[in-house]
Amino acid sequence: MGRSRIQTIFYSAAALISLVGLAEATYLTVVFLSGETAVCGGSPDCFQVLGSSYAKIGGIPVSGLGALAYFSAFAFATFAGFGYGHARRFFAWTVIAMFGMTLWLLFVQAFRLHAFCRYCLFSAALVFLLTGLLVARPVAETEKS
Amino acid sequence: MKRYLPFIIVALVGLLAVGGGAFLYRAKRSANPTPKISKTETLPSGESIHALGPADAAVTLEEFGDFQCPPCGVLSEPINQLQKQYNLRVIYRNFPLAIHAHAKEAAFAAEAAARQGRFWQMHDLLYREQAVWSKSTDARALFNAYAGMLQLDLGRFKEDMDSSDVQQQVENDQQRGAEIGVKTTPTIFLNNKVVPSKQISPDELPGMVEAAVKKAKPSS
């Protein structure tokens with residue numbers, strides 16, 4: 001398989017994962033802004049996490065920042081897929097920042113709030129997938145055609 | 001064309017995200033309107049009440065409710081609509097029934113929210129999420145989270161929930177209900193006349209309210 005084709009597949013997958021994350025983060029942002037409560041099948045955990053002081057930074061909902069991050073990842077992955085060289089580097093830095101933030105949020109849920117929000121865990125899984133793709137990328141990019 | 005394609009894709013996705021978010025936000029806001037007035041009134045007798053609408057309204061609807069009672073939850077939004085439609089004065093009294101495990105705690109949560117000017121917002125939230133917290137093994141955690149969602153001072157909310165003042169307020173409401181013969185929920189009074197329990201339904205209540213309004217203002 002050609003190198004450019006592998007790259008296209010890789011960045012398409014990354015863009016798709018980012019799109020899913022963008023949809024979820026946008027939904028959570030709307031829920032936050034409308035003052036509604038996110039329902040997690042009767043479990044109080046979502047409420048504990050999404051209603052906590054950790055759910056916003058300087059008044060801005062973390063889900064809103066997440067939406068921005070996913071949109072950036074989507075945009076950079078799309079441009080990288082079309083061969084824009086700089087976009088690859090921006091994509092990598094965005095995913096690394098998201099990974100760091102995800103680790104922090106998982107730590108907060110496990111050790112400070114003692115509650116896990118399913119939406120947040122789903123988002124964490126998406127970020128881990130993106131990180132996995134990023135780690136696998138050099139292999140794919142250096143593969144000989 | 002291929003040169004511009006990524007710009008078009010990214011712009012489209014950005015527009016879809018913002019547009020979709022705005023559409024969802026509008027839909028949620030119109031589905032769950034928040035009452036504008038949210039204050040606790042003190043009557044000349046010193047009694048505190050939670051009331052919506054003008055004190056000199058032609059019709060006063062007084063409800064004795066239990067946040068865990070499903071029929072009360074069903075009536076919550078129709079009463080909000082009637083309040084707006086007829087500019088009613090709506091008074092809510094806590095009447096938590098002993099058969100409902102979390103009803104009293106929910107009443108404390110509403111009273112604690114009232115201490116921060118958010119009684120009606122908490123009232124609506126408790127009814128909207130009734131199916132969730134009433135089945136929960138840790139309803140208190142949910143009430144704390146609701147307080148967070150309503151942007152309340154959580155420390156103060158927790159203190160107020162356990163305070164004797166808040167518990168006394170709920171006791172006072174229950175006592176008042178017992179004095180005037182309230183035994184179950186929802187019990188509704190229209191201009192101090194009890195509405196027969198068979199007519200307390202989203203279908204029949206509007207007719208009762210309309211009749212009460214016409215009776216109070218025969219010329220209009």
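The expected span of a helix is 1.5 Å times one less than its number of residues. Keep that yardstick in mind for a helix in chain B of this predicted model. Helix H9(B) covers residues 205-216, so 12 residues in total, and by that rule should span 16 Å. From first C-alpha to last, H9(B) does reach 16 Å, close to the expectation.

Now look at which way its side chains point. B:Leu205, B:Met208, B:Val209, B:Ala212 and B:Val213 of H9(B) are buried. Why do they sit on the same side of H9(B)? Because they cover an arc of only 135° around the axis. Turn to the face pointing away from that buried side and you find the exposed B:Gly207, B:Ala211 and B:Lys215. As for what lies over the buried residues, the cover includes strand E3 (60-65), helix H2 (70-86) and strand E5 (187-190), which also belong to chain B.

Over to chain A, then. Its secondary structure adds up to five helices and two strands, and reading from the N terminus you pass through α-α-β-β-α-α-α. Of the 145 residues in chain A, 43% are buried. If you take the contacts in chain A between residues at least 6 apart in sequence, 75% of them link residues at least 24 apart.

Finally, the two chains meet: 24 residues of chain A are in contact with 28 residues of chain B. On the chain A side, helix H1 (3-33), helix H2 (45-50) and helix H3 (62-81) each provide at least two of the touching residues. That side of chain A breaks down into 13 nonpolar residues, 10 polar ones and one charged.

Key
Residues are numbered from 1 along each chain as its sequence is written. Chains are lettered from A and ligands numbered from 1 in the order in which they are written. This is a predicted model: local features need pLDDT of at least 70, side-chain atom pairs count only at pLDDT 80 or more; totals for chains, interfaces and linings use all residues. Helices (H or I, at least four residues) and strands (E, at least two) are DSSP runs, numbered from the N terminus. A residue is buried if 20 or more other C-beta atoms lie within 10 Å of its own, exposed if 12 or fewer, and partly exposed in between; C-beta atoms are placed from the backbone. Two residues are in contact if their C-beta atoms, placed from the backbone, lie within 7 Å. Ala, Val, Leu, Ile, Met, Phe, Trp, Tyr, Cys and Pro count as nonpolar, Asp, Glu, Lys and Arg as charged, and the others, Gly among them, as polar. The arc is that of the directions from the helix axis to the C-beta atoms.
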